[in-house]
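User: I am new to reading protein structures and would like a close look at a single part. Please take one helix, follow its contacts outward, and explain the terms as you go.

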Amino acid sequence: MYQPTIEEIKKLREMTLAPIMSCKEALIEAQGDLDEALKILRQKGIFKASSKAEREVGAGIIDSYIHNGSQIGVLLELRTETDFVARNEEFKKLAHELGVQIASMNPAYIEISKIPAEVINEKKEEFSESLKAIKDEKKFEKALEGKLNSWYEEVVLLEQIYYKDQNLKIKDLITNAIATFGENIRISKFARFEI
């Protein structure tokens with residue numbers, strides 16, 4: 001059976017902040033393949049993260065990001081359960097990364113549930129009009145859903161593709177952070193300013 005070296009375990013721990021035994025087990029399961037071990041930890045972390053999603057987030061930080069040229073600025077409130085996590089440098093880096101994402105991608109909403117029903121209905125009507133040539137109802141519904149999902153990826157922060165990793169959405173980034181810190185994390189609000 002494959003046994004990872006201390007250096008391999010240490011490297012995976014530094015990348016993920018996951019517990020040492022979890023890193024060791026993931027490396028054993030992945031037969032030493034670091035990328036595969038990351039996937040294993042992410043899958044296990046996502047499972048853990050979902051159980052933490054309803055916990056109260058009473059602590060947190062407010063972070064600011066001013067884009068080069070001082071023409072775009074972002075204020076972001078990122079919440080977590082304890083001050084211990086809120087003071088962590090990795091948590092602060094997450095807040096900063098989210099600020100950069102907001103500055104560059106200009107989302108209008110944090111999550112889909114925050115979009116007013118009338119806005120969604122207007123978009124559905126607009127997309128339905130452009131798809132009226134499709135007569136098959138199932139194909140029409142599928143095309144409408146596809147257009148709505150594409151629109152969500154533009155205007156909803158959690159649905160956007162992370163600017164640093166095209167394989168991750170912002171909601172995945174948050175889920176990974178929840179798994180890493182072992183606490184619920186939520187973006188409470190943000191404001192983006194542009195001159």
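Analyst: What follows looks at helix 5 and its salt bridges, then at other parts of the chain.

The model is a predicted one. A short overview helps to place the helix. The chain holds eight helices and three strands. Read from the N terminus, the elements come in the order α-α-α-β-β-α-α-α-α-α-β. Along the principal axes, the C-alpha atoms fill a box of roughly 60 × 45 × 35 Å. The chain has 195 residues, and 38% of them count as buried.

Now to the helix itself. Helix 5 covers residues 89-105. E89 and K92 both belong to helix 5 and are three residues apart, which is about one turn of the helix. These two residues form a salt bridge, in which the closest N and O atoms are 3.6 Å apart. That pair counts as a salt bridge because the limit between a side-chain nitrogen of Lys or Arg and a carboxyl oxygen of Asp or Glu is 4 Å. K92 is classed as partly exposed because its relative accessibility is 33%.

E97 is another residue of helix 5. Is E97 buried or exposed? E97 counts as buried because its relative accessibility is 14%, and the cut-off for buried is under 20%. The side chain of E97 meets that of K164 in a salt bridge, with 3.3 Å from N to O. This pair links distant parts of the chain: E97 is in helix 5, K164 is in the loop between helix 7 and helix 8, and 67 residues separate them. K164 has a relative accessible area of 55%, so it is exposed. The salt bridge therefore has a buried partner, E97, and an exposed partner, K164. A second pair of positions can be checked in the same region. The C-alpha atoms of E97 and Y162 are 9.2 Å apart, although these positions lie 65 residues apart along the chain.

The end of the helix comes next. N106 sits in the loop between helix 5 and helix 6. N106 has a positive phi of about 50° and is not a glycine. Most residues other than glycine have a negative phi. N106 is partly exposed because its relative accessibility is 42%.

A similar case is found at helix 2, which spans residues 20-29. Just after helix 2, Q31 takes a positive phi of about 55°. Q31 is not a glycine either, and its place is the loop between helix 2 and helix 3. With a relative accessible area of 54%, Q31 is exposed. Within helix 2, by contrast, C23, A26, L27 and I28 are buried.

Salt bridges also occur away from helix 5. The count for the chain comes to eleven. One of them joins E129 and K132, with the closest N and O atoms 2.8 Å apart. K132 counts as exposed because its relative accessibility is 54%. Salt bridges with shared partners also join E153, E159, K169 and K171 into one network.

Some charged residues belong to a surface patch. D136, E137, E141 and E145 form a negative patch on the surface. D136 is in the loop between helix 6 and helix 7, and it counts as partly exposed because its relative accessibility is 39%. Helix 7 covers residues 137-155.

E183 is an acidic residue in another setting. It lies in the loop between helix 8 and strand 3. Its relative accessible area is 10%, so E183 is buried. What joins the side chains of E183 and T82? They are joined by a polar contact of 2.5 Å.

Strand 3 covers residues 185-194, and F193 lies in it. Together with I62 and L75, F193 forms a nonpolar patch on the surface, and these residues have about 330 Å² of accessible area together.

To return to helix 5: E89 and K92 pair within the helix, whereas E97 pairs with K164 in the loop between helix 7 and helix 8. When viewing the model, E97 is a useful place to begin, with its salt bridge to K164 and its C-alpha atom 9.2 Å from that of Y162.

Key: Residues numbered from 1 in each chain as written. Predicted model: local features only at pLDDT ≥ 70, side-chain atom pairs only at ≥ 80, totals over all residues. Heavy atoms only, no water. Patch = residues over 30% accessible without salt bridge, like charges linked within 9 Å, V, L, I, M, F, W, Y side chains within 5 Å. Areas by Shrake-Rupley, 256 points an atom, 1.4 Å probe, with all protein chains shown as cover. Lys, Arg positive; Asp, Glu negative; His and termini not counted. Charge placed at Lys NZ, Arg CZ, Asp CG, Glu CD. Helix = DSSP H or I, 4+ residues; strand = E, 2+ residues; numbered from the N terminus. Buried < 20%, exposed > 50% of the residue type's maximum accessible area, 1.4 Å probe, protein only. Polar contact = N/O pair within 3.5 Å; in protein donor to acceptor, adjacent residues only side chain to side chain.
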